[in-house]
Amino acid sequence: MRIFSGIQPTGRKHLGNYIGAIQHYVAGQDAGESIYCVVDLHATTVPYDPRELRERLYDTAAILIAAGLDPERCILFRQSDVQEHSELSWLLSSVTAWGDLNRMHQFKEKSAAQRDLVSASLFTYPVLMAADVLAYRATTVPVGDDQRQHVELMRDIAERFNARYGEILVVPDGQFPEVGARIMDLQDPARKMSTTGGSVEGTVYVLDEPKAIEKKLKRAVTDSGTEIRAGADKPGVTNLLDILAAARGTTVAEAQASMADARGYGDLKAATAEAVIALLDPVRTRYEELRTDEDRLEAVLAAGADKARAIAADTLADVRRVMGVGPAR
C-alpha cells in the first residue's frame, strides 16, 4: 500500500488538523509506503503574503516532525520542489470536466470570500490536488471528511484518463477518520473548527499553551439540559465527546460511558481539556526544539523531494508517452 496526503502551510494548525490529518499521517508510517507533502502551490490560489507563506511552511514541517513523522520512515517534501506536480496537473486538465470543477463546494465557498479577484488557479486547484496523488500511484489518501468531493474527483480523473489512454494511473481510495472526522468550533458547534472562518476562542491551536487550551474548553458552548450524550440535538456536547474520544484514542461511545458519573458539563469540559493537553503538549515542546533550525528543516524537505521526484518522474514519463507529448523516446 502506498499512502499520499498533502497539507497546506497556511494558517496556524489547529486541533481539527491534528486529529483529522496529522495523527493519521504518523500512523500511516507503519501501514505502508508513506508520502507526505506540504502543498505550498495550493496556498497561492488566494491572496497571501510571500514571507508569511515561507514561515508557515517551516512551521508546518516542524509540527509534522514534532508530531511523529520520521523522515527515515516516510517521504516528507515541499510540493513546489517537485515540478512533476505542475506538469501532470496541466496534462490531467485535458480529462477534467469543467462542470465537475464548477460543482466543487470549496471553490464556491472560497470564491465567495474573495473581494478583488477570483483566480483561475482557485478554480483548477482540484486538478493539481489530483496530480499530487496520482503522480505517486498512491492507493490510499488519508484526508479530512471535508475532502470527500475532491477524492471523488481525482478518482474520476484517473478513471477517465485510463479509459482514454490505457491503465496508467492508479485509482486511489480516500481514508477518512472514524473518530474526530469533523472537529467543530467550540463557540459555534455548527461550524467546523478553522483558522480562517472560525472564532479565536473556539479554535484550539496545536501550539497553544496548556492554560490556553483549558480556558477555551472550559468556555465551550454546550446544550440545554445536563445529560452527557452524543446526538444531533446536542451539537456542543457531541463535539466535546468527539474531541475527548479522539484525544484518548477511544470510540465516542467509550468516551460517553467514561462520563457516566460526571456531575455536569463542567466535568466533561475538564476531562476533555486534560486529554487534549496530554495529546498536544509533547508536540509543542518538540516543535520549539525543531523550529529554530531552518537549515535542518530545509535539508529534510530537500532529501524528501529527491525521493519524491524519482517516483513522480516515472509516472509523468508514462503519461507523456501515452498522450504523445514530447519526444517518442
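## Talking through the fold

Trainee: What covers the buried residues of α8?

Mentor: Keep in mind that this is a predicted model. In helix α8, residues 210–218, the buried ones are Ile-213, Lys-216 and Leu-217. Looking down the axis of α8, you'd see its buried residues within an arc of 95°, so they line one face of the helix. The cover over them includes α9 (235–248) and α11 (265–291).

Trainee: Where does Lys-234 lie, and is it buried or exposed?

Mentor: Lys-234 is in the loop between α8 and α9. Its relative accessibility is 5%, and the cut-off for buried is under 20%. So Lys-234 counts as buried.

Trainee: Which backbone oxygen lies 3.0 Å from a polar atom of the Lys-234 side chain?

Mentor: Start with what Lys-234 touches, leaving out residues up to four places away in sequence: Asp-223, Ser-224, Glu-227, Arg-229 and Tyr-265. Thr-222 is worth a look too, being 12 residues from Lys-234 in sequence and 7.6 Å away in space, C-alpha to C-alpha. As for the backbone oxygen at 3.0 Å from a polar atom of the Lys-234 side chain, it belongs to Ser-224.

Trainee: Moving to the strands, why is β2 described as largely enclosed by the rest of the structure?

Mentor: Strand β2 covers residues 33–38. On one side, 6 bridges join it to β1 (residues 2–7), and the two run parallel; β2 also has 4 bridges to β3 (residues 75–78), again parallel. The reason it's called largely enclosed is burial, because the count of buried residues in β2 is 5 of the 6.

Trainee: Which residues stand opposite Ser-34 and Ile-35 of β2?

Mentor: Take the two neighbouring strands in turn. In the pairing of β1 with β2, Ser-34 has Ile-3 opposite. In the pairing of β2 with β3, the residue opposite Ile-35 is Ile-75.

Trainee: Which helices make right-handed β-α-β units with these strands?

Mentor: One unit is built from β1, a helix at residues 15–28, and β2, and that helix is α1. In the other, β2 and β3 flank a helix at residues 50–67. Both units are right-handed, and their helices are α1 and α2.

Trainee: Which element gives the most to the largest nonpolar core?

Mentor: That core has 57 residues, and Leu-15, Leu-76, Val-276 and Leu-280 have the most contacts inside it. Two or more residues come from each of β1, α1, β2, α2, α8, α9, α11 and α12 (294–323). The top contributor, with 12 residues, is α11.

Trainee: How many residues are in the second, separate core?

Mentor: Don't mix it up with the core that has Leu-76 among its best-connected residues. Leu-76 touches Tyr-36, Val-38 and Val-300, among others further than four places away in sequence. The second core is separate and includes Ile-75, Val-95, Ala-131 and Leu-169; its size is 43 residues.

Trainee: Which side chain makes a polar contact with the side chain of Gln-147?

Mentor: Gln-147 sits in the loop between β4 (140–142) and α7 (148–165), and at a relative accessible area of 14% it is buried. Setting aside neighbours within four places in sequence, its contacts are Gln-106, Met-129 and Phe-176. The polar contact is at 2.7 Å, and the partner is the side chain of His-150.

Note on methods
Residues numbered from 1 in each chain as written. Predicted model: local features only at pLDDT ≥ 70, side-chain atom pairs only at ≥ 80, totals over all residues. Heavy atoms only, no water. Buried < 20%, exposed > 50% of the residue type's maximum accessible area, 1.4 Å probe, protein only. Polar contact = N/O pair within 3.5 Å; in protein donor to acceptor, adjacent residues only side chain to side chain. Contact = heavy atoms within 4.5 Å. Pairing = 2+ DSSP bridges. Right-handed = clockwise from strand over helix to strand, strands pointing away. Arc of directions from axis to C-beta. Core = buried A, V, L, I, M, F, W, Y, C linked by side-chain atoms within 4.5 Å.
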